[in-house]
Amino acid sequence: PFEVLIVGGGPAGAAASIYTARKGFRTGIAAERFGGQVLDTMGIENFISIPYTEGPKLAAQLEQHVAEYDIDVMNLQLAEKLIPASQVGGLHEVVLANGASLKARALILTTGARWRNLGVPGEFEYRTRGVAYCPHCDGPLFKGKRVAVIGGGNSGVEAAIDLANIVGHVTLVEFDPQLRADQVLQDKLRSMANVDIIVSAQTTEVLGDGEQVTGLAYKDRSDGTEHTIDLQGVFVQIGLVPNTEWLQDSGIELTTRGEIVIDDRAATSIPGVFAAGDVTTVPYKQIIIAMGEGAKASLSAFDYLIRTQPA
Ligand code: FAD
């Protein structure tokens, strides 16, 4: 068995594994796809101390850094089930899709999250060419341009407020007849001069010229009419889904949205099981935050292992 097993190989998992290995613990990482969401990202301009990099390059550097240590990297391994230790100090078991089982006294869960997609034509084709999911990341790329934000919940309205300060014009598009965001956010948004709000609108297509996004098509759900908006960017803000389906039966505490509940030391509700990054309740989902959380979870796992008798 491992002393520490990390499930997930994104920024949080990579950071966790390096911190654990540097403590001299026998460390493994099982990841469905090493690199995580970073592999789907083009320009990264907010990874502090590196003014510009690209996702695939950063993912390769994560892999290289991990390879500096004696870490057992099991890539392309999907975890399907967690069976927690029956007593404190015992071995937790992670069952993989290939039928194998991995065991460790401490686990660090870093299975990340995925943006909910609209599922309309053009969304996938124009990803990173006008279709974006992260205003903190990509907002500045649209300086002075016209964009839409799809989704009128808190994240959509926050994104629209954020973007209205950076871009030329923002159209907020909501499916329901009213916005669902907190009133204070709605009031703030309505006070901004360069914002339009469209409700009861079903986005039907992201339009483009083969190179870049050029517009958005939607159907007015109140009268069935079809409309298009000319713009250069579409921010999809209809939810971030944590990858915790595999934990449903484990007994670990999840929020109603499926995030793993952690305390300020990255401990979950199960002794010896820690979690870090986008899969958790940590506020703000960013690379730099996921890495910091991964490091924190490792130091907590270290603390746990040196204070707990093996059972
Ligand atoms: P993830 O990166 O999601 O990694 C999760 C890991 O777990 C992956 O290896 C995955 O394969 C694995 N996994 C999932 N389920 C299982 C399972 N059941 N079994 C085994 N392994 C599993 N952040 C920034 O700071 N700056 C940016 O510019 C930026 N741009 C972004 C652009 C896009 C298009 C996207 C999608 C995100 C962007 N982000 C950006 C957000 C950033 O990528 C995430 O916050 C960060 O990757 C989270 O790291 P993580 O390790 O917690 O999770």
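An open sheet of 5 strands runs in the order S10-S17-S11-S12-S13, with parallel pairing. Its edge strands are S10 (131-132) and S13 (195-198), and each pairs on one side only. The model is predicted. A ligand is also present, with 39 residues around it.

**Inside the sheet**
- Strands S11 (residues 146-150) and S12 (residues 169-173) run parallel and are joined by 5 bridges.
- Val149 has Leu172 of S12 as its bridge partner.

**Around the ligand**
- Which of the 39 residues around the ligand come nearest? They are Gly8, Gly10, Gly36, Gly112 and Gly277.
- Two helices, H1 (11-21) and H6 (287-307), each give two or more residues to the shell.
- Strands S2 (27-31) and S9 (113-115) also give two or more residues each.
- By class, the shell holds 20 nonpolar, 14 polar and 5 charged residues.

**Packing of H1 on H2**
- The axes of H1 and H2 (residues 55-67) come within 9 Å of each other and cross at roughly 15°.
- Angles under 35 degrees count as roughly parallel, so H1 is roughly parallel to H2.
- The crossing of H1 and H2 is left-handed.
- H1 makes the contact through Pro11, Ala14, Ser17 and Ile18.
- H2 makes the contact through Leu62, His65 and Val66.
- By class, this contact of H1 with H2 has 5 nonpolar residues, 2 polar residues and no charged residues.

Methods. Residues numbered from 1 in each chain as written. Predicted model: local features only at pLDDT ≥ 70, side-chain atom pairs only at ≥ 80, totals over all residues. Near = placed C-beta within 6 Å. Helix = DSSP H or I, 4+ residues; strand = E, 2+ residues; numbered from the N terminus. Nonpolar A, V, L, I, M, F, W, Y, C, P; charged D, E, K, R; others polar. Pairing = 2+ DSSP bridges. Axes fitted to C-alpha atoms, helices over the stretch in contact; angles between N-to-C directions. Parallel < 35°, antiparallel > 145°, perpendicular 65-115°, else oblique. Left-handed = near helix turned anticlockwise from the far one by under 90°. Contact = placed C-beta atoms within 7 Å.
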